[in-house]
Amino acid sequence: MAAEVPVSLLWSKLQKMRDEERFVFPGLRNRVVTAVNELEKILNFLKASKPSHEIISISPQETTLLHTIYSAEHFTESFLLQRRRKGVIQIEMPLAFSPWTQLWFSFKMMKLVRGVRAVSREFEKTHNQPMVGYTALPDGQEIDALTTHNIDVAKQADPWSSPEPDAIVGRKDEVEELVSRLINHNDDSLRVISVVGDEAVGKTALARNVFNRLDIRQHFPRRAWLHVSGDLAYKDRLLIILKQIPTSELKDLELMREDELSDMLFKFLMRYRFLIVLDDVQDQPVGVWHELFRCFGDAVNGSRVILTTRHVSVAIKTDRWSSPLKLRPLNEEKSWSLFLKKVGRPDSTELNNLKGDILRICDGLPLAIVLLGGFLSALEFKEWSSMIGLAVQRRGSQSPLANIVDFGYDQLPYVLKPCFLYLALFPKAYEIPIRRLLQLWLAEGFVQSKPDGRIPEDEAKRYLEELVRRNMIEIAKWKSDGSPKTCRMPTYLYDDFLPKANDIGFLHVHHCKKTDCTSTDSPESYIPRLADKFGVESSTSKSHIRQLRSYVSFNSEKRDTSNSGIGMFLKTMIKRRGFVLLKVLDLEGVYKPLLPKKLGKLQNLRYLGLRWTGLDRCPESVGDLPCLETLDLKYTNVTTLPSSIWKAKKLRHLFINEMFIQKPPKQSSPNLLTLMELHIGANSPDKYGLHKFTSLRKLGLTCHSKSAVETAKCISKLVNLQTLRLKSRDPFGQPVKLVLTPMKEHLTLSNLYLFGQIEDGIVNIPRNLRTLTLSMSELKEDPMPEIGMLPQLNILRLFACSYAGSKMTCLAGSFPNLRVLKMWKLEELEQLKVEQGAMPQLVELEIRVCKKMKSLDGLEELATLKELILTDMPQDFIKDVRRRLGRKILLTNKWEFLS
């Protein structure tokens, strides 16, 4: 039911208050306890009363309940915030809240209890069902039942093996047909190949599978993917495509006019054979598509466009000489194969007893099968029959996919529902960095703390893993080490849940400019979370500011001057009477937002995201944010951070660009987990208080040879450290001495990046590394025999001048778990020899700008190798490699500029 998420969030907040806060009035504690119990009752009633068919609209009782809950959430946040108001409570006072404040809150709790009980009585009348008996905790322990399969990593997290996506099972003939049309040497004209089918038949999955194939990547030097959102302007479409095309000329694109972008794209595409996918194209006027297609120049070189759509008429309009590829639902045999693959079970008698119901529920739709399989795989098998029975009962007038979507969402644990809905705050098909999403969840308070000592960041990761395993979130990109980099809400779920999240007042996405806003885009209803594309000045009213907990902007338009709209919005918020309840201010990618000097007035702020903003300075008052957990200044122009930042005692993640911090903290900072990247130069790390960051997991540090020894000793004492980026260079940026010896016995360090001259030998690197990157190390002796002995090493990157010798040898039995090897600009290297039995797991080998390279001996021994990337290498070397490659491996030799 619609009210579950808001009710569960308030219930969790009050439960935490009941357990942790100290109250001067016994009556207040009793009222908090009563409120918690009443919310428990109504949560369990809502869960037990879930309908067997779709919800057409929010009931009047739920509307009343939502109003009561949001009002209670507002005054509860205000109450909790008052402890931090300067001058109200002295540090030496034994009470967390003043007596008067507690008396006020006691009255508010009484109103909440009365309101919830009134709604409960209305529910009882409507459902003819008494509320008595609904007193058990609402799945209070359910998150502990979350399996720890790490998103089924064995099956999904291998970015090199290109596993067949679940929704592609049973589509072998369609894949081969699409590939044959793309690589058709008898037709070099530009062709548009339309993949047509009803909702949920797997059009996007088919196109993405083919788009990422090795032979397609080999055949098309330039590829781009555009999900065609209905509110996406023509200029935005051009920008999205241009940013995926490697070139050296992509600078200040946002400042260019549409016609300039169009001309630029046309010229680029005329130089190369390209493949562009236009996903989810709607039936729009012909002119809309002709405008974009004019940019796709036909150089008669075999370029192709894939278009996915539900409308046959769109396919006919775009290319009359190319017949559409039609997708239909899977037959029973293929449907069952897909289901078995998704749940990871072999066929059996027990499963066959459920087969008929499963196939009827899913109706041959791959996305429905994947969703149902993901949900069932999270349960014990003994629970399957009852859950499938519930799913059968839900079959109503909705489509099979809509029924499964609603059912899968209803069965999510309460703690996961707000995390899932939160993804609707981002634009459709938007790739969300995992780093960003998890920290936003934490700032919002969605992640429940655990008494077993597990830190909230680890718990947030478990939430993500479970949502991915249930196919409610899909991973868009993977890192080389197999961990997820970006994710998104599947588009068919986004279309369903964005309006639902908006209807219940969970969030609002602002789609329009102030000049053409409609009433639906400017609601006066409760808006705790606001996402905006066109600038805050067009989307907020005084009522919005009063209610707002989170503001996320996607207005990336560059301007000649600073973005003053953000500053005006924040100043208005700060000047308001009462308490500013804003928790999240995420301006990532907004061009030079103008931040007010009194930023510290945002006393409830937990997340301040300023990455990629081009910001020049950070307000001194940033240290006056007592709740701040994440400050992200990565990729800005800020060079010095005020020492006031150490006053933010709850700070957990600090992302900066090799910045100086004027003074070290006066006290230990046990909450800080991430510090990326601090510049200490020739100073001792103790001067910057590095030894006080006892809980650090990720550290980026730039030092000088004069401080190298002390820095290494200090790092060796950070016993929780997992990721380290250590650079040693002089004031002119040139590499100088690094020292490794004190860090040799570090047990937890798994990811190490080193920039600088290693003089005490590679033998002193920590032994438990999974990822190692060396740059400017100037090693004289072959490092491969020593590095090859690291038992867990998964990725090895040898960047510019890391090795100064001419020969490298990977000994037999070395690198037992290496998956990725990259060698860039090793200017003296002539020969790489791979002995039999070395690197038995290697799947990707990349060699760039090794101009003297003559031979790669033992290439044939790399049985698992799938991708060999050569960039700006000698032609004789390339010819020799091509001649010796006897199997299907992606081989490229090109210089691709990063966009």
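Rings of Phe, Tyr and Trp (its six-membered ring) pair if their centres lie within 6.5 Å. The views below are taken from a predicted model.

**View 1. An aromatic cluster holds two tryptophans and two phenylalanines**. Trp336, Phe339, Phe381 and Trp384 form this one cluster. Across the structure there are 21 aromatic pairs.

**View 2. Tyrosine 409 and phenylalanine 497 make a tilted ring pair**. The structure holds 21 aromatic pairs. In the pair shown here, the ring centres of tyrosine 409 and phenylalanine 497 lie 5.0 Å apart and the planes meet at 50°, so the pair counts as tilted. Distant parts of the chain are linked by this pair: tyrosine 409 belongs to helix 17 (residues 400-410) and phenylalanine 497 to helix 21 (residues 491-503), with the two positions 88 residues apart. Tyrosine 409 and phenylalanine 497 are both buried.

**View 3. Two arginines each place a charged end over an aromatic ring**. Arginine 222 has its charged end over the ring of tyrosine 272, at 4.0 Å from the ring centre. For arginine 848, the ring underneath is that of tryptophan 824, and the charged end is 4.3 Å from its centre.

**View 4. Strand 3 pairs with strand 2 and with strand 4**. Strand 3 (residues 274-281) is mostly covered, as eight of its eight residues are buried. Strand 2 (residues 222-227) runs parallel to strand 3, and six bridges join the two. Within this pairing, leucine 226 has leucine 278 of strand 3 as its bridge partner. Strand 4 (residues 304-309) is also parallel to strand 3, with five bridges between them. Here isoleucine 276 stands opposite valine 305 of strand 4.

**View 5. Leucine 292 is a buried residue of helix 11**. Helix 11 spans residues 286-293. Leucine 292 counts as buried because its relative accessibility is 1%, below the 20% limit. Apart from residues up to four places away in sequence, leucine 292 touches Leu226, Tyr234, Leu238, Ile241 and Leu278. Two of these contacts, Leu226 and Leu278, are the bridge partners leucine 226 and leucine 278 of the preceding view. Leucine 238 is 54 residues from leucine 292 along the chain, and their C-alpha atoms are separated by 8.0 Å.

**View 6. Threonine 68 is a buried residue of helix 3**. Helix 3 covers residues 60-81. The relative accessible area of threonine 68 is 16%, so the residue is buried. With neighbours within four places in sequence left aside, threonine 68 is in contact with Leu112, Gly115 and Val116.

**View 7. Three strands form an open antiparallel sheet**. The strand order is 6-8-7. Strand 6 (432-433) and strand 7 (474-478) stand at the edges; each has a single partner strand, so one side of each lacks a neighbour in the sheet. Strand 8 (residues 484-488) pairs with strand 6 in the antiparallel sense over two bridges. Threonine 486 in strand 8 is opposite proline 433.

**View 8. Cysteine 618 and cysteine 850 are buried**. Cysteine 618 has a relative accessible area of 6% and is therefore buried. Cysteine 850 counts as buried because its relative accessibility is 0%. A disulfide is a covalent bond between the sulfur atoms of two cysteines. A search of the whole structure finds zero disulfides.

How values were computed. Residues numbered from 1 in each chain as written. Predicted model: local features only at pLDDT ≥ 70, side-chain atom pairs only at ≥ 80, totals over all residues. Heavy atoms only, no water. Helix = DSSP H or I, 4+ residues; strand = E, 2+ residues; numbered from the N terminus. Buried < 20%, exposed > 50% of the residue type's maximum accessible area, 1.4 Å probe, protein only. Contact = heavy atoms within 4.5 Å. Pairing = 2+ DSSP bridges. Phe/Tyr/Trp six-rings, centres within 6.5 Å; stacked < 30°, edge-to-face > 60°. Lys NZ or Arg CZ within 6 Å of the ring centre and 35° of its normal. Disulfide = S-S within 2.5 Å.
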